[in-house]
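Dear colleague,

I am handing over the structure we spoke about, with the sequence alongside it. Below it you will find my notes on a metal site and on a contact between chains.

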There are 2 protein chains.
Amino acid sequence: MQQCCIMKLKKKMKTVRNTTAKTEIQELIANSPVALSHTEIQSATNGLCDRVTIYRVLERLTVEGLIHKVVNVDGVVKYAGCHSCSEKHNHNHIHFSCQKCKSVTCLEDVESTFKMPKKYIISEMNFTLSGLCPQCS
Amino acid sequence: MQQCCIMKLKKKMKTVRNTTAKTEIQELIANSPVALSHTEIQSATNGLCDRVTIYRVLERLTVEGLIHKVVNVDGVVKYAGCHSCSEKHNHNHIHFSCQKCKSVTCLEDVESTFKMPKKYIISEMNFTLSGLCPQCS
DNA sequence: TTGCAAATGCAACAGTGTTGCATTATGAAA
DNA sequence: TTTCATAATGCAACACTGTTGCATTTGCAA
Ligand SMILES: [Zn+2]
Ligand SMILES: [Zn+2]
Ligand SMILES: [Zn+2]
Ligand SMILES: [Zn+2]
């Protein structure tokens, strides 16, 4: 078969592969009602793979738009599944952070408004409410 | 002098002391238009004291209500001076995080509203807007 | 089935924050 | 001013989180 430019580009394109680690981690996050940290994922998967692999899988899933990163108010990075961003990725929803059990939940139906300050160009919002979750209150 | 219960309590009470490190760090933060990270403070003070001391001074200033902690969207912890919390400490203002110069600014005059989700008890809010600051846009 | 390269495991590293303990120095009391 | 209890510091050592390089394994298209 003759290789045209498109074929050459296709050949150059990095092809993604499905691995056990990727599948398991994705399902774990998708089935979790709360966002999960790297440590929590490591505990849950229990030796499924190296901790470096977890970092790399999380990076890959984030780039692919299957999960999104949430930085908790205490600085702990957590990951949650993407539910309502099939066409365009809009992660500008509010998150709730429980001060007791440290859980982070996506509140995708809660709306918020604010007066845009002039002089600043806003491109992203990161809103987190803290307090007690239903389980802890 | 006979020591009554109150005197004994007074004696027990931990007295705060003013030190060079504490004064310098507090003034540095107070005079900064943007929130400063531990690393930035360490660079700015340039060998004034040990890095552990900076951590402890920041902790003390936070407890005393002279500064407040801000966790940036990238997880970096920064500290900003408290301006409008002389009586009660209300740090529920919006912060702005510049994606280019990584600066964090307190937007104390910007108001925001949101529909409080039921089932959750809200006690704190942590809102950060990202984009380009006046200097970078 | 074969072979390329995506993905992994492992070691080693850098950055950040904490803790214990000996030493220093602050400020109230004498 | 001097004394002295203890708040504060310096230093070493540690734990935790995240990254990088490289050899090896493994997924999958040809
Ligand atoms: Zn909870
Ligand atoms: Zn979310
Ligand atoms: Zn900027
Ligand atoms: Zn602030």
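Which residues are the protein donors of the zinc ion (ligand 3)? In this predicted model, they are Cys98(B), Cys101(B), Cys133(B) and Cys136(B), each of which offers its SG atom, lying 2.3 Å from the ion. Along the chain these donors follow the spacing C-x2-C-x31-C-x2-C. The arrangement around the zinc ion (ligand 3) is tetrahedral because the angles that its 4 donor atoms subtend run from 106 to 115°. Two of the donors can also be described by their accessibility: Cys98(B) is buried, with a relative accessible area of 1%, whereas Cys101(B), at 39%, counts as partly exposed.

Turning to the interface, 33 residues of chain B are in contact with 34 residues of chain A, and the area buried between the two chains is about 2800 Å², with carbon and sulfur atoms giving 62% of that area. On the chain B side, Tyr120(B), Ile121(B) and Leu129(B) lose the most area to chain A, and together they make up 20% of what that side buries.

As for polar interactions, 13 residue pairs are found in polar contact across the interface of chain B and chain A, while the count of salt bridges between these chains is 0. The elements of chain B that give two or more residues to the side touching chain A are β4 (94–98), β5 (104–107), β6 (112–114) and β7 (121–132), and β7(B) gives the most, with 12 residues.

With best regards

Terms used. Residues numbered from 1 in each chain as written. Chains lettered and ligands numbered in written order. Predicted model: local features only at pLDDT ≥ 70, side-chain atom pairs only at ≥ 80, totals over all residues. Heavy atoms only, no water. Donors = N, O, S within 2.8 Å, 3.2 Å for Na, K, Ca; no water. Tetrahedral: all angles 85-135°; square planar, octahedral: opposite > 155°, others 65-115°. Buried < 20%, exposed > 50% of the residue type's maximum accessible area, 1.4 Å probe, protein only. Contact = heavy atoms within 4.5 Å. Buried area = accessible area lost by both parts, 1.4 Å probe. Salt bridge = Lys/Arg side-chain N within 4 Å of Asp/Glu carboxyl O. Polar contact = N/O pair within 3.5 Å; in protein donor to acceptor, adjacent residues only side chain to side chain. Helix = DSSP H or I, 4+ residues; strand = E, 2+ residues; numbered from the N terminus.
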